[in-house]
Amino acid sequence: MKRVRMIIPKGIKAYLDEKRGIVDKALEEAMPQPSGLARELITAMSYSLFAGGKRLRPILCIAGAEAVGGSAEMVLPVACALELIHTYSLIHDDLPVMDNDDFRRGKPTNHTVFGEAVALLAGDGLLTLAFNLMARQGIERDMDKTHLLRVIELISHAAGYKGMVGGQTVDIAYEGNDPDPAVVEYIHRHKTGSLIAAAVTSGAILAGGTEEQERAINRYGQQIGLAFQIADDVLNVEGDRALMGKDIGSDTAKGKMTYPSVFGITESKRAQEELVDSAIESLKGFDERADPLRGIARYIIKRKA
């Protein structure tokens, strides 16, 4: 396979900023205003949702749609739902019973502000709102309901016990254990990679991509999903705390099974580059409309936070 130079292409930052703005506006419209007896719960949900995330998963959903000729407008409710699911997972991950983190994106974690009970319920609220958004898209929009049902099934699978939740469970169970290549790959592909792959594939499905296009984009998503988590592992060792917005070295302190702990930093960096090369190769049958996906693949291992 021909090696692709790992350079963030000119324009990808502008693309990410533009799509992030679109997603943020849609999320603001989707979130209820704090009021009534549920005021504190809604405030807690909004606190983490608008804490400054990259919006990578919704942007990938949009880029997946664009790659097959679709648009952001076609997939925006599902894109927002993906961010709600991702945010719920972060709130729960940070809880004392899980990773027990005090900071996320440079701000105190949800449970340190609102208490553990409200934080737990805020995550639950975001998760259920995500599926409400997707269902409302089918009710309110003139769209192919079969495509939407396929996407809901795909996302629920990726977020559930066979995906993100399962990966998190293994992550916790294997803290402090001896390094195991098979286990760390399982954790990363399920805990992080599954939802990233579902995000980009959902965009292609909703925009009416062919089966061949869906398969190619799903392969792309699987590869960048693993690369993204390896990059996170490396940043936890070498990153800048001010840029990361959380403590560096926390994985080692907790005995987490990470790529650097299993393979070392040099091999981890080589692996993420090979995964990105492979992801881009998966898009060889696509025209320039898939350039944002190519750019995102390079971006995820060159980012600083």
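Helices and strands here are DSSP runs, with at least four residues for a helix and at least two for a strand, numbered from the N terminus. With these elements in hand, the predicted model can be toured from its loops to its helices. R105 lies in the loop that joins strand 1 to strand 2 (107-108). Although R105 is not a glycine, its phi is positive, at about 55°. Most residues other than glycine have a negative phi, which makes such a spot worth a look. R105 counts as partly exposed, at 23% relative accessibility. A second residue of this kind is N100, which is not a glycine either and has a positive phi near 55°. N100 sits in the loop between helix 4 and strand 1 (103-104), and with a relative accessible area of 44% N100 is partly exposed.

Helix 7 comes next. Spanning residues 145-159, helix 7 has 15 residues and extends 21 Å from its first C-alpha to its last, close to the 21 Å expected at 1.5 Å a residue. Its buried residues are L148, V151, I155, A158 and A159. These buried residues lie on the same side of helix 7, because they cover an arc of only 95° around the axis. The general geometry of an α-helix fits this picture: with 3.6 residues a turn, residues three or four places apart point the same way. T146 and L149, in contrast, are exposed on the other side of helix 7. The cover over the buried residues of helix 7 includes helix 4 (72-94), helix 6 (116-140), helix 8 and helix 9.

Two of these covering elements, helix 8 and helix 9, also meet one another. The axes of helix 8 (residues 164-173) and helix 9 (residues 181-206) come within 7 Å and cross at roughly 145°, and the crossing is left-handed. On the helix 8 side, the contact is made by M164, G166, G167, Q168, V170 and D171. Helix 9 contributes V183, Y186, I187, H190, K191, S194 and L195. By character, the residues of this contact divide into 6 nonpolar, 5 polar and 2 charged.

Farther along the chain, G255 is placed in the loop between helix 12 (250-253) and helix 13 (259-263). G255 counts as partly exposed, at 22% relative accessibility. Apart from residues up to four places away in sequence, G255 touches Y174, E175 and G176. The C-alpha atoms of G255 and P179 are 9.8 Å apart in space, while the two residues are 76 residues apart in sequence.

Two serines of helix 14 round off the tour. S268 lies in helix 14 and is buried, with a relative accessible area of 0%. Leaving out residues up to four places away in sequence, S268 touches I230, V234, Y259, P260 and F263. S282 also belongs to helix 14 (residues 265-282). At 12% relative accessibility S282 counts as buried, since the cut-off for burial is under 20% relative accessible area. Beyond its neighbours within four places in sequence, S282 is in contact with A216, R219 and Y220. Between S282 and K162, which are 120 residues apart along the chain, the C-alpha separation is 24 Å.

Note on methods. Residues numbered from 1 in each chain as written. Predicted model: local features only at pLDDT ≥ 70, side-chain atom pairs only at ≥ 80, totals over all residues. Heavy atoms only, no water. Axes fitted to C-alpha atoms, helices over the stretch in contact; angles between N-to-C directions. Left-handed = near helix turned anticlockwise from the far one by under 90°. Contact = heavy atoms within 4.5 Å. Nonpolar A, V, L, I, M, F, W, Y, C, P; charged D, E, K, R; others polar. Expected span 1.5 Å × (residues − 1). Buried < 20%, exposed > 50% of the residue type's maximum accessible area, 1.4 Å probe, protein only. Arc of directions from axis to C-beta.
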